[in-house]
Amino acid sequence: MLIRDESAADRVSVRDVHSAAFRDHPFSKGREGELVDALREAGALTISLVAEAEFIVGHIAISPVTIDGVALGWFGLGPIAVLSEHRRQGVAAALIDAGLARLRAAGAAGCVVFGEPKYYGRFGFRSHAGLRFAGGPPELFMALPLASTMTLGAVDYHPAFALVG
Ligand SMILES: CC(C)(COP(=O)(O)OP(=O)(O)OC[C@H]1O[C@@H](n2cnc3c(N)ncnc32)[C@H](O)[C@@H]1OP(=O)(O)O)[C@@H](O)C(=O)NCCC(=O)NCCS
């Protein structure tokens, strides 16, 4: 399996992977594929990686977030999706590792994620008192500082996330 940057030819497959992966998700409105398209359109799809076997089986999007309304080099991980028949083989983990490696290489200040603490904890994500997100339960919101100093404040994702909020 290959992890690589998306190309223009992958756009339909990327949308389809999200549609299929989120179809049975209890809290999803099924608009994650649209969200990825909207981020790309807005120039906010900073990192877009696909997992390719014989075809595209997974995708991760990473986009800038603001803290107290200011762009400080922090990013948000997600949405991430893997086709159901390719799950539990480390595809998502490989996408996350590669995405975080890109952020580190680019000198990002940090990354946030909203999701399952048990899963994202493996990658170093933790809840940080003082880094807040109004969009959901605080225990599901985690941060991974990538610079030597931690930033505190209220985090906002790109406005396109209203599609899935
Ligand atoms: C969440 C999602 C992306 C995970 O994809 P994945 O490729 O299965 O993820 P991984 O394989 O890295 O890890 C998933 C689990 O498989 C386990 N696993 C990883 N490699 C494994 C292997 N070789 N053998 C057995 N289990 C393995 C992991 O430990 C993890 O276990 P957990 O149940 O304790 O969390 C996928 O389930 C999905 O697309 N879900 C729908 C969309 C979604 O919810 N996205 C997240 C919100 S944005």
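## Backbone features in the loops

R88 is placed in the loop between β4 and α3. This is a predicted model, and in it R88 has a phi near 60°, a positive value in a residue other than glycine. R88 is also one of the residues that come nearest to the ligand.

A second residue with a positive phi is D68, at about 50°, although D68 is not a glycine. D68 is found in the loop between β3 (56–67) and β4.

## The cis peptide bond

The peptide bond that runs from G78 to P79 is cis, and its omega is near 5°. P79 belongs to strand β4. Strand β4 spans residues 70–82 and is among the elements that give two or more residues to the shell around the ligand.

## Ligand contacts

There are 16 residues around the ligand, and those that come nearest are V82, R88, G90, A92 and Y119. Sorted by class, this shell holds 9 nonpolar, 3 polar and 4 charged residues.

Two side chains place a polar atom by an oxygen atom of the ligand. For R87 the distance is 3.3 Å, and for H25 it is 3.4 Å. A92 uses its backbone instead: a backbone N or O atom of A92 lies 2.9 Å from an oxygen atom of the ligand. On its own the ligand has 940 Å² of accessible area, and the protein covers 65% of that.

## Where the ligand sits

The ligand is located in the largest pocket. Four elements each give two or more residues to the shell around the ligand: helices α1 (11–22), α3 (91–105) and α4 (117–120), and strand β4 (70–82). A92, with its backbone contact to a ligand oxygen, falls within the range of α3. V82, among the residues nearest to the ligand, is the last residue of β4.

## The largest pocket

The largest pocket contains about 1700 Å³ of space. It is lined by 47 residues, of which F22, H25, I80, F114 and Y120 are the closest to its centre. H25 thus appears twice in this account, here and as a side-chain contact of a ligand oxygen.

Which element gives the largest share of the lining of the largest pocket? Strand β4 does, with 6 residues. At least two lining residues also come from each of α1, α2 (32–41), α3, β5 (110–114) and α4. By class, the lining of the largest pocket divides into 27 nonpolar, 10 polar and 10 charged residues.

How values were computed:
Residues numbered from 1 in each chain as written. Predicted model: local features only at pLDDT ≥ 70, side-chain atom pairs only at ≥ 80, totals over all residues. Heavy atoms only, no water. Near = heavy atom within 4 Å. Polar contact = N/O pair within 3.5 Å; in protein donor to acceptor, adjacent residues only side chain to side chain. Areas by Shrake-Rupley, 256 points an atom, 1.4 Å probe, with all protein chains shown as cover. 1 Å grid on protein atoms, 1.4 Å probe; cavity = no way out; pocket = protein on both sides within 12 Å on 5 of 7 lines; lining within 4 Å. Sits in = over half its atoms within 2 Å of the grid points. Nonpolar A, V, L, I, M, F, W, Y, C, P; charged D, E, K, R; others polar. Points joined across faces, edges and corners; volume = space filled by probe spheres on them.
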